[in-house]
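Here is a friendly note to read alongside the structure. Please keep the picture open and find each part as it comes up.

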Amino acid sequence: MTPGPARRYTGAMTTAAGPAKRRFPILEGVLPIDRARVPKEVLAGVTLAALAIPEVMGYTQIAGMPVITGLYTILLPIMAFAVFGSSRHLVVGADSATAAVLAAGLAGMAATSSSEYVALAGLVALLAAGFLILARLVRLGFLADFLSRTVLVGFLTGVGVQVAAGQVGGMLGVPSGSGGTIEKLIGTLENVGDTSLTTVAVSASVIVVILGTKLVTKKVPGALIAVIGAIFLSWLLDLSAHGVATLGKVPGGLPSFGFPSGITWSDVTSLLGTAASIFILILAQSAATSRAYAAKRNEQLSENVDLVGLGVANVAAGLSGTFVVNGSPTKTEMVDSAGARTQLAQLTTGVIVLIVLLFLTAPLQYMPKAVLSSVVFLIGVQLIDLRGMRTILRVRPDEFVVAALTAVTVVVVGVEQAIILAIVASVIDHLRRSYHPSTAVLHPGTKDAWHSEPVTPDARSLPGLVVYRFSGTLYYANANHLLQDVTAFVEAAGEAAPLRWLCIDAAAMADIDYTGAETLKQVHASLQEHGIRLVLAEVIAPARAELARYGLTEMIGDDAFYDDVAEVAEAFGQQPAAG
């Protein structure tokens, strides 16, 4: 029997015998291991290594770092997150967005690819790690709760468009444009007249191999076959002599381990802002990516544990002579598409990179850059979730606006701005919902069941009684809504719709702030002026304690609280009718 998804550790565990002792959360992304899946995990790790190695080397060009340091980002850092992180899917490594921020922060401080530049890049990684660990200590992982599934669909769709558009130049063998995604694509298309037909043939072959193997069987790693085959043919046919750009000579060897040398206190203070910007980007992008894949696989995760994993991964990066690492949507999709379901695949990738660094850097020089561009292009296309966007549009048009806005912002502005917008949009959407809470008037039905009907001024649960359900926290933004409804009940309480009791069903009132309490006092005073009694039903313990602290319990009396609405109806029925 194949075990289901592992439950995630998020704090003290409870057993039948009582609370279990806390343990330091490690290997949550690996355990439990399904032995039947180990071959698939290993193969997925090998595939990820084949695809990610040339990709991370490309990111070194953005960061201004030596090419070999790209491999270092998926050696110790990827293993560190696999051990200390929570997500079973997130792949940590070099990332285009953080590489660009790093390069901007280090501009003018040292010559790119110099030993001084590498040391400063390591310092930024360590500072970013410090921010991540501090965020864990103050439990900032909750920020990821503001990224809804709607936002995640839009985020990954936008990233997919951005990634795919950025690979067109490499697939055609022409220079890519500069600027944002749209400007870069337009600039690339302006160079289409210089297209290398040999490069296009390589790109087309890679796409045919990958898609063709998927049509035949998903068990065959088409991307791995395409990468190995392209390296072999490039060596055999000397494709670089036919206008096909290749990676060129890549030095081998293991990274040196230690604190960056030559660092001064002024360097630390100068780079704090850069590190803080990168921290925000890591927190947002990694949370969005891990959340998306946890939702996709119906799994749980702990963002606070992931903060530790990301922090340790950046410590490993800073001490091993490379630059900041981030949760990568592209590489995460690579390993997920290859069939990985745990971090065992990422550990395998780390081992493969170790072997490559020691023995196999020489063959990488024959890798056509068009192969990388074609593989990443297909990954980008897979990230574009048109089906999910259509579903959201059909069932929740208002949420589709948020998803579409997030996707457009990723493409037009950037990933980090889109994440900030997504969080703000999610918070606004939450406030909009809580600002207009669901309300109803309850009336008894058959078999002790109560049914709801829309709130109207003359609605009554029983003659002389209104049971008014307010489904939400009572706070400053929506308290006036409750006051308006109650005022309408009172104003309609004439001969046609007399009112003697008004019951607030508070089962969904998890919290009552100061403004909400003052509003309830105003409601009580208004009802009292009209000879109407205020009672409350199903007030949960925390809210009951708040009402006592605000002085409301003393004001309306302990006998005004009932366990449920049926008890209210029974008590109301025992009262003498008004004379």
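1. Let us begin with a cut-off: a residue is called buried when its relative accessible area is under 20%, and exposed when that value is over 50%. Please also keep in mind that this is a predicted model. Now try the cut-off on T157, a residue of helix 6 (residues 149–165). Is T157 buried or exposed? Its relative accessibility is 7%, so T157 counts as buried. Leaving aside residues up to four places away in sequence, T157 touches L383, I384, D385, M389 and A407.

2. One of those contacts, L383, leads us to helix 15 (residues 369–383). Helix 15 has 15 residues, and from first to last C-alpha it reaches 21 Å, close to the 21 Å expected at 1.5 Å a residue. Because 11 of its 15 residues are buried, helix 15 is largely enclosed by the rest of the structure. Its buried residues include V371, L372, V375, V376, I379 and L383.

3. Another residue touched by T157 is M389, which takes part in the contact between two helices described here. Helix 16 (residues 386–395) packs against helix 17 (residues 397–412) at an angle of about 145 degrees, and their axes are 6 Å apart. Helix 16 contributes M389, I392, L393 and V395 to this contact, while helix 17 contributes P397, E399, F400, A403 and A404. Sorted by class, the contact has 8 nonpolar residues, no polar ones and 1 charged residue.

4. Next, look at helix 1 (residues 38–63), where you can check a length yourself. With 26 residues at 1.5 Å a residue, helix 1 should span 38 Å, and its end C-alpha atoms are 35 Å apart, which agrees. Where does helix 1 have a kink? The kink lies at A52, shortly before the proline P54, and comes to about 35 degrees. After helix 1 comes G64, which has a positive phi, near 80 degrees.

5. Now for the sheet. An open sheet is formed by 6 strands in the order 6-5-7-8-9-10, with mixed pairing. Strand 6 (450–453) and strand 10 (561–562) are the edge strands, each pairing on one side only. As a general reminder, strands of a sheet pair through backbone hydrogen bonds, either parallel or antiparallel.

6. Both kinds of pairing can be found at strand 7 (residues 464–471). Strand 7 runs parallel to strand 8 (residues 499–505), and 6 bridges join them. Strand 5 and strand 7 run antiparallel and are joined by 5 bridges. V467 is a good residue to follow: its bridge partner in strand 8 is C503, and V467 is also the bridge partner of L442. Elsewhere, G464 stands opposite L499 in strand 8.

7. How enclosed are these two strands? In strand 7, 6 of the 8 residues are buried, so this strand is largely enclosed by the rest of the structure. In strand 8, 6 of the 7 residues are buried, so strand 8 is largely enclosed as well.

8. Finally, add the helices beside the sheet. Helix 19 (residues 479–491) packs on the sheet and touches strand 5 (438–444), strand 7 and strand 8, its direction making about 165 degrees with that of strand 7. Helix 23 (residues 565–573) lies across strand 5, strand 6, strand 7, strand 8, strand 9 (533–537) and strand 10, and runs at about 165 degrees to strand 8.

Key: Residues numbered from 1 in each chain as written. Predicted model: local features only at pLDDT ≥ 70, side-chain atom pairs only at ≥ 80, totals over all residues. Heavy atoms only, no water. Helix = DSSP H or I, 4+ residues; strand = E, 2+ residues; numbered from the N terminus. Buried < 20%, exposed > 50% of the residue type's maximum accessible area, 1.4 Å probe, protein only. Contact = heavy atoms within 4.5 Å. Expected span 1.5 Å × (residues − 1). Bend = angle between axes of the 7 residues up to and from the residue. Axes fitted to C-alpha atoms, helices over the stretch in contact; angles between N-to-C directions. Nonpolar A, V, L, I, M, F, W, Y, C, P; charged D, E, K, R; others polar. Pairing = 2+ DSSP bridges.
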